[in-house]
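Q: Please take a close look at the strand pairing in this model. Then work outwards to what packs around it, and to any unusual backbone.

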Amino acid sequence: MSEEQASGRPPKEAIERAAITFRWDLDKTYLRTQFESLRQMVKIPFEAGSDKVHLPGVPQLIQALRRCAAARAQRPFVFFLSASPPQIGNAIRQKLELDGIDYDGIIFKDQLRNLVRGRWRSLREHLGYKLGELLESRRLGPAASREVLFGDDWESDPLIYSMYADILAGRLTAEATDTLLRTLEVERGAIARVTRAVEALEEHAEVVLRIYINLEKRTPPGRFHIFGSRLVPAFNYFQTGASLFEIGLLDEEALPAIASALVDEAGWTGDRLRNSLDDLVRRGHLRLSSRTRVIRVLQRAGLATPAPHDAMLRARLRAAFERLQARWSRTAGPVDAPVLDYERILREWAGRGE
Amino acid sequence: MPRIAVDAMGGDFAPEEIVRGVAQASLESDIQMVLVGAADKIQALLDAGPYNPELISVRHCSSAIGMAEDPREAMRAKRDASITVAARMVASGEADAMVSAGNTGACVLAAAKNFKLIRGVKKAALASVFPRQTDYPGQDMFGLLLDVGATIRCDAIELTQFAVMGSAYARRISKVASPRVGLLNMGSEESKGGDVLVEAHRRMKSLPALNFVGNIEGNDVATGKADVIIAEGLLGNVVLKLIEGIGEVAATVATQAAQDNWRWRIGMAMLSTGISRMRDLADFRTYGGAPILGFESLCIKAHGRSTAPAVSNAIKVAAKAVRDRISPEIAETLAQIR
């Protein structure tokens with residue numbers, strides 16, 4: 001195991017590949033969509049782009065991901081995948097334009113066709129649909145591109161994205177995928193489509209660097225331990241940004257932009273930023289040394305006040321200890337490509353939000 | 001927004017219920033909270049439920065004082081106990097107030113060791129809330145009794161200061177413009193109770209800032225005749241424990257009777273809604289906790305048996321007390337009296 005893997009970071013060469021793809025879910029990941037009541041759901045098709053509300057910090061994050069990729073001489077791709085019908089596509093495209101988001105593709109679920117053909121189960125079933133679309137998009141997309149996936153805790157994004165990553169890595173075979181999807185009672189047509197896509201994969205590689213799950217519903221983060229360290233449950237896009245900064249996908253310029261959006265749009269304070277960061281450290285998704293760097297960046301941007309002297313000293317000592325520990329220990333830290341126990345995942349996650 | 005240091009390791013159900021209470025408060029308010037205690041245990045508990053990380057920070061410390069430990073001995077032996085660290089944070093200005101459901105003696109000692117007494121205050125007092133009958137519309141269903149154990153014996157000046165402090169607290173927290181203050185005594189006549197109580201009565205009566213209603217006898221404690229009841233620590237503690245004990249005995253007797261006799265069982269079943277409503281009204285969890293008054297800094301002592309809702313409410317009480325400037329108000333009132 002390399003030192004970078006041992007310390008929880010993806011292998012350096014993974015980031016240095018020629019292309020990088022960022023795949024985004026839309027509702028509850030990019031947009032603050034309200035569909036908890038029938039009234040809210042009925043309103044959605046009639047909304048214009050200007051009525052749609054994004055989650056604080058997310059446009060700045062996508063813009064920064066693109067800019068930083070280009071700065072690393074990587075070709076960035078941004079794709080959106082939604083389970084919403086294409087009828088709301090115009091409003092979504094308007095919204096993305098208003099937010100200044102450049103994207104390379106956007107996929108909607110053709111619910112009208114499902115309705116016309118009487119595919120009632122397909123209307124509600126997202127797992128097979130999303131997995132199929134992800135694999136199809138991968139087949140058509142840039143070869144050898146590394147990927148970062150963004151979803152939320154409302155439906156089955158953690159399971160879908162983990163399966164997708166393991167299929168691409170060759171850890172889930174067509175047969176194993178088929179069995180899993182049958183256990184999950186996915187519609188037969190969708191299973192066949194996914195299985196065909198898995199069989200058609202010509203090569204396997206550790207493609208997915210990270211999976212970020214926006215805890216929009218405030219699902220307890222402990223519930224995601226079963227998905228391993230590749231999946232990072234994040235309460236906000238500042239936490240996501242800090243993690244991406246640690247793995248080298250964002251630079252120092254990006255973090256103040258995301259943090260400022262949270263301050264301006266959601267009334268955040270320096271305390272909130274600092275607490276968010278510390279939460280990520282305590283949950284094991286950010287190293288103390290990275291935390292210290294992020295705080296320094298925020299202080300330079302005037303977004304965080306210096307902590308009390310003794311607290312700062314303690315944090316520095318802990319960070320130094322952590323660096324030494326990482327140097328001496330060969331096995332410390334989580335690995336990035338964990339072997340997931342899908343039987344357990346199915347027991348704990350099957351049917352969530354479907 | 002106030003920042004409240006919460007002793008995560010103190011209480012019969014700590015750290016589980018304390019951490020859950022903080023998590024609950026983080027979803028219901030915008031109060032900044034610092035959980036003081038074993039960081040790994042705290043994070044494991046946070047991980048298990050919903051919370052808002054933006055409002056919660058953790059200060060690690062390696063030891064805690066148990067509920068049954070001798071406070072003095074434990075404070076000496078465990079210099080970085082969670083309750084002491086929380087008090088130090090308040091004293092240094094890192095937090096605006098603290099909440100603890102832990103060992104009461106240790107809580108009082110931690111405050112005494114780290115907080116400054118308000119200028120002119122001779123002794124601090126530990127207050128407690130208790131359920132009682134209401135006597136007028138808008139009256140709080142909880143009365144305030146102080147002192148319940150920070151002192152043993154007091155002189156007349158100290159008791160008068162307790163009255164001023166309790167009145168200021170009740171005015172802000174119970175939203176009663178002019179809380180009724182009573183002096184716990186063995187008779188309603190001014191001459192009863194010995195020299196100290198007679199002198200205390202005279203002093204309280206002479207203060208226009210106090211709505212003093214005179215002496216309160218034991219049978220009036222729970223009637224709502226006074227919103228704030230003043231006693232020296234020994235007596236206050238006996239009364240408080242008596243109230244709690246009677247409640248527990250009544251519940252046990254009724255349960256036993258219902259088990260032994262079918263008529264009682266039917267009767268209890270018929271009264272169950274009313275009993276449950278009474279229990280809800282008198283539930284200490286709705287109040288959260290009561291303060292140690294007399295210090296420049298604020299400490300809210302939650303009940304030792306506090307579960308998450310009580311802890312959450314205690315944090316809200318602490319934040320409200322900070323926002324309403326309870327301690328400065330007490331200082332100003334005492335300065336006027338002087």
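A: Two strands pair if DSSP finds at least two bridges between them. Strands (E, at least two residues) and helices (H or I, at least four) are DSSP runs, numbered from the N terminus. The model is predicted: local features need pLDDT of at least 70, side-chain atom pairs count only at pLDDT 80 or more, and totals for chains, interfaces and linings use all residues. Residues are numbered from 1 along each chain as its sequence is written, while chains are lettered from A and ligands numbered from 1 in the order in which they are written.

Start with chain A. In strand S4(A), A:Val148 is the bridge partner of A:Phe22. That bridge belongs to the pairing of strand S1 (residues 19–25) with strand S4 (residues 146–152) of chain A. S1(A) and S4(A) run parallel and are joined by five bridges.

Now widen the view. S1(A) and S4(A) sit side by side in an open sheet of six strands, ordered S3-S2-S1-S4-S5-S6. The pairing in this sheet is parallel. Strand S3 (105–107) and strand S6 (231–234) of chain A are the edge strands, each paired on one side only. From one strand to the next, the twist averages 15°. (Axes are lines fitted to C-alpha atoms, for helices over the stretch in contact, and angles run from 0 to 180 degrees between N-to-C directions.)

Two helices of chain A lie across these strands. Helix H4 (residues 58–71) of chain A lies across S1 and strand S2 (75–81), at about 155° to S2(A). Helix H9 (residues 157–169) of chain A lies across S1, S4, strand S5 (208–214) and S6, at about 175° to S5(A). (Two residues are in contact if their C-beta atoms, placed from the backbone, lie within 7 Å.)

One residue in chain A stands out by its backbone. A:Lys28 is not a glycine, yet its phi is positive, about 70°. A:Lys28 lies in the loop between S1 and helix H3 (38–43) of chain A.

Chain A also meets chain B. Each chain gives 14 residues to the contact. The side of chain A that touches chain B has seven charged, four nonpolar and three polar residues. (Ala, Val, Leu, Ile, Met, Phe, Trp, Tyr, Cys and Pro count as nonpolar, Asp, Glu, Lys and Arg as charged, and the others, Gly among them, as polar.)

Turn to the strands of chain B. Here eleven strands form an open sheet with mixed pairing, in the order S3-S2-S1-S4-S11-S10-S5-S6-S9-S7-S8. Strand S3 (56–60) and strand S8 (211–216) of chain B are at the edges with a single partner strand each, so one side of each has no neighbour in the sheet. The twist averages 25° from one strand to the next. Strand S5 (residues 125–131) and strand S10 (residues 289–293) of chain B pair in the antiparallel sense, over two bridges. Within S10(B), B:Ile292 is the bridge partner of B:Leu126.

Helix H7(B) packs on this sheet, touching strand S7 (180–184) and S8 of chain B. The direction of H7(B) makes about 170° with that of S7(B).

H7(B) has a helix partner too. The axes of helix H6 (residues 156–173) and helix H7 (residues 195–205) of chain B come within 8 Å and cross at roughly 45°. That makes H6(B) oblique to H7(B) (angles under 35 degrees count as roughly parallel, over 145 as roughly antiparallel, 65 to 115 as roughly perpendicular and the rest as oblique). The crossing is right-handed. (The near helix is turned clockwise from the far one by less than a right angle; anticlockwise would be left-handed.) From H6(B), B:Ala156, B:Leu159, B:Thr160 and B:Ala163 meet B:Val196, B:Glu199, B:Ala200, B:Arg203 and B:Met204 of H7(B). Six of the residues in this contact are nonpolar, two are charged and one is polar.

Chain B has domain 1 (1–121 + 294–330) and domain 2 (125–284), with bounds from an automatic or database domain assignment. Their C-alpha centres lie 25 Å apart. In the contact, 14 residues of domain 1 of chain B meet twelve of domain 2 of chain B. Helix H5 (104–114), helix H10 (308–323) and helix H11 (326–337) of chain B each supply at least two residues of the domain 1 side. H10(B) gives the largest share, four residues.

Last, the cis peptide bonds of chain B. One joins B:Ala14 and B:Pro15, with omega about -5°. B:Pro15 lies in the loop between strand S1 (3–7) and helix H1 (16–28) of chain B. The bond from B:Leu146 to B:Asp147 is also cis, with omega near 5°. B:Asp147 lies in the loop between strand S6 (142–146) and H6 of chain B.
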